[in-house]
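User: Hello! I would like a close look at one small part of this model, and then a walk outward from there to the charged and nonpolar features around the chain. Could you take me through it?

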Amino acid sequence: MGGDSGGCPKPPPSVVPAGGTLYMAWRCCVTLPLMTLVIGHCSTYALLWSAWKLVSLVLPGRFYHKGDDFLFEMYQRHIIFAFETCGGLQLCLYKDFKEVMSREENVIWISNHQSAADWVILEMLALKQGSLRGVRYILKDSIKYMPLYGWYFPQHNCVYVRRSKNPRDLSDIQNQLQCYQRYRMPLWLCIFPEGTRYNPERQSTIKKSQKFATDQGLEILRNHLTPRSKALHASIDKLRNYVDAIYDVTIGYEETFLPSVLDVRQNKIKFVHFLLGLYGKVHIKINRVEMKDAPEGEQETIQWLHNSFLEKDRDIDRFYSSDKSLTRRFGPQSYRPSSSVSSTIVGVAFWCLATGTFLCFETGFWLWTRSWLVVLVVGPVYGYLKK
């Protein structure tokens with residue numbers, strides 16, 4: 001979970017026609033100041049979370065989690081406002097969307113991973129279902145070195161995992177999964193089984209993934225990395241009686257300005273492309289799997305997961321088809337949920353008010369500026385200590 005740290009990259013020529021430059025400039029004027037606010041509120045987040053953590057030490061554990069979930073939800077609403085309302089991003093849902101949108105429920109989410117913004121997309125959908133505060137992630141270990149998020153994710157009951165057979169990794173996952181049930185936390189447990197984003201330019205990563213599939217006797221995928229099943233198997237095993245369903249999700253991104261050659265897939269969909277408005281629609285195909293139908297046992301989970309990604313491979317082939325009747329969609333019918341502007345602007349107002357309150361008082365300003373040390377330094381230090 002995270003964005004690109006560099007400056008605004010120049011988008012591929014095939015994405016933006018001559019008349020699109022003004023459109024991009026307009027989006028920049030709207031979204032970039034708002035994202036600057038989002039980053040500025042990191043310090044406020046650290047202060048409010050730290051204060052709540054101290055207060056909750058004398059309270060039952062469930063109170064800490066409720067307060068933490070509230071802060072997390074408010075902050076993510078702020079980010080969603082930037083993407084959806086200011087960036088113009090729209091969701092198009094396919095297949096089991098009626099069941100998904102009709103109720104709040106505890107779920108395990110698995111999906112393909114091709115963009116740095118995939119986590120924003122799933123949170124947009126979680127918000128529309130009413131489950132945003134329950135979003136938690138199983139993450140690759142390297143993210144723990146990130147400022148703010150690195151040390152905070154474990155406080156929000158997310159789990160870091162390594163691609164190793166170290167028994168400690170599995171033990172960490174199992175302990176955290178038990179915590180969800182112990183405190184009866186709302187849960188959208190999000191797993192990206194590929195482990196990292198699929199990028200056609202990274203041929204060394206793709207070849208390594210294909211070799212792993214061959215060694216395991218699995219069919220090679222064309223549009224995805226070979227999924228790893230450790231986190232999913234542990235989650236199903238420990239949460240079978242706690243979660244309601246698995247959301248098996250395929251995500252496809254439709255360019256605002258379609259390229260001249262439709263079956264060409266952009267090598268890397270970057271975080272900043274959404275803020276520039278270069279991707280206007282996100283297509284989401286959802287297979288909702290009842291837990292009673294979830295795989296049992298490690299080998300069955302491996303095969304079930306790989307079959308799921310074989311289907312995603314076929315869906316992505318069609319999504320990037322040169323046939324205009326098929327391209328940039330997962331089917332003939334889709335559902336477009338309404339905008340969340342009324343609920344997301346609450347998050348913007350909350351953090352602006354909180355930050356403004358700190359900046360209006362001398363002591364608050366002193367605390368706010370010093371807390372940047374926590375935001376910038378504690379993440380990398382935490383990652384180093386947790387190696």
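User: Let's start with Cys 352: why is its sulfur not in a bond with the closest cysteine sulfur, and which residue holds that sulfur?

Analyst: Happy to take you through it, and please keep in mind that this is a predicted model. The closest cysteine sulfur to that of Cys 352 belongs to Cys 86, and the two are 11 Å apart, which is too far for a bond. A disulfide would need the two sulfur atoms within 2.5 Å. Looked at from the other side, Cys 86 also has Cys 352 as its closest cysteine partner, so the distance of 11 Å rules out a bond there too. A search of the whole structure agrees, finding 0 disulfides. The surroundings of each cysteine can be described as well: Cys 86 is buried, at 10% relative accessibility, whereas Cys 352 is partly exposed, with a relative accessible area of 31%.

From the cysteines we can move on to the salt bridges. The structure holds 15 of them, and a few are worth a look one by one. Helix H2, residues 61-86, offers a good starting point. In one of the salt bridges, Arg 77 pairs with Glu 73, and their closest N and O atoms are 2.8 Å apart. These residues are 4 apart in helix H2, so about one helical turn separates them. Both Arg 77 and Glu 73 are buried.

Next comes a pair that reaches across the sequence. Glu 105 forms a salt bridge with Arg 288, again with closest N and O atoms 2.8 Å apart. Glu 105 sits in the loop between helix H3 (97-101) and strand S2 (107-111), while Arg 288 belongs to strand S7 (residues 279-290), so this pair ties together parts that are 183 residues apart in sequence. Glu 105 is buried, with 7% relative accessibility, and Arg 288 is buried as well, at 15%.

For a surface example, look at Asp 293 and Lys 292, whose side chains meet in a salt bridge at 3.5 Å, N to O. Asp 293 is partly exposed, with a relative accessible area of 46%, and Lys 292 is exposed, at 67%. Salt bridges can also be joined to one another: Lys 285, Glu 311, Asp 315 and Arg 318 are linked in a network of them.

Now for the surface patches. Lys 140, Arg 163, Arg 202 and Lys 208 form a positive one. Within that patch, Arg 163 lies in the loop between strand S4 (159-161) and helix H6 (167-182). Arg 163 is exposed, with a relative accessibility of 54%.

A second patch is nonpolar, covers about 600 Å², and is made by Leu 54, Val 55, Leu 57, Val 58, Leu 59 and Phe 63. Phe 63 brings us back to helix H2, where this residue is found. The relative accessibility of Phe 63 is 34%, which makes the residue partly exposed.

Backbone angles give us two further arginines to visit. Arg 184 has a positive phi of about 50 degrees although it is not a glycine. You will find Arg 184 in the loop between H6 and strand S5 (188-191), and at 60% relative accessibility the residue counts as exposed. Arg 328 also shows a positive phi, near 60 degrees, in a residue other than glycine. Its place is the loop between helix H10 (298-319) and helix H11 (341-359). Arg 184 is exposed, but Arg 328 is buried, with a relative accessibility of 3%.

One more arginine rounds off the tour. Arg 133 lies in the loop between helix H4 (118-129) and strand S3 (135-140), and it is partly exposed, at 33% relative accessibility. Measuring along the model from C-alpha to C-alpha, Arg 133 and Ile 173 are 20 Å apart in space, with their positions 40 residues apart in sequence.

To return to your request, then: Cys 352 and Cys 86 remain unpaired with each other because their sulfurs are 11 Å apart, too far for a bond.

How values were computed. Residues numbered from 1 in each chain as written. Predicted model: local features only at pLDDT ≥ 70, side-chain atom pairs only at ≥ 80, totals over all residues. Heavy atoms only, no water. Buried < 20%, exposed > 50% of the residue type's maximum accessible area, 1.4 Å probe, protein only. Patch = residues over 30% accessible without salt bridge, like charges linked within 9 Å, V, L, I, M, F, W, Y side chains within 5 Å. Areas by Shrake-Rupley, 256 points an atom, 1.4 Å probe, with all protein chains shown as cover. Salt bridge = Lys/Arg side-chain N within 4 Å of Asp/Glu carboxyl O. Lys, Arg positive; Asp, Glu negative; His and termini not counted. Charge placed at Lys NZ, Arg CZ, Asp CG, Glu CD. Helix = DSSP H or I, 4+ residues; strand = E, 2+ residues; numbered from the N terminus.
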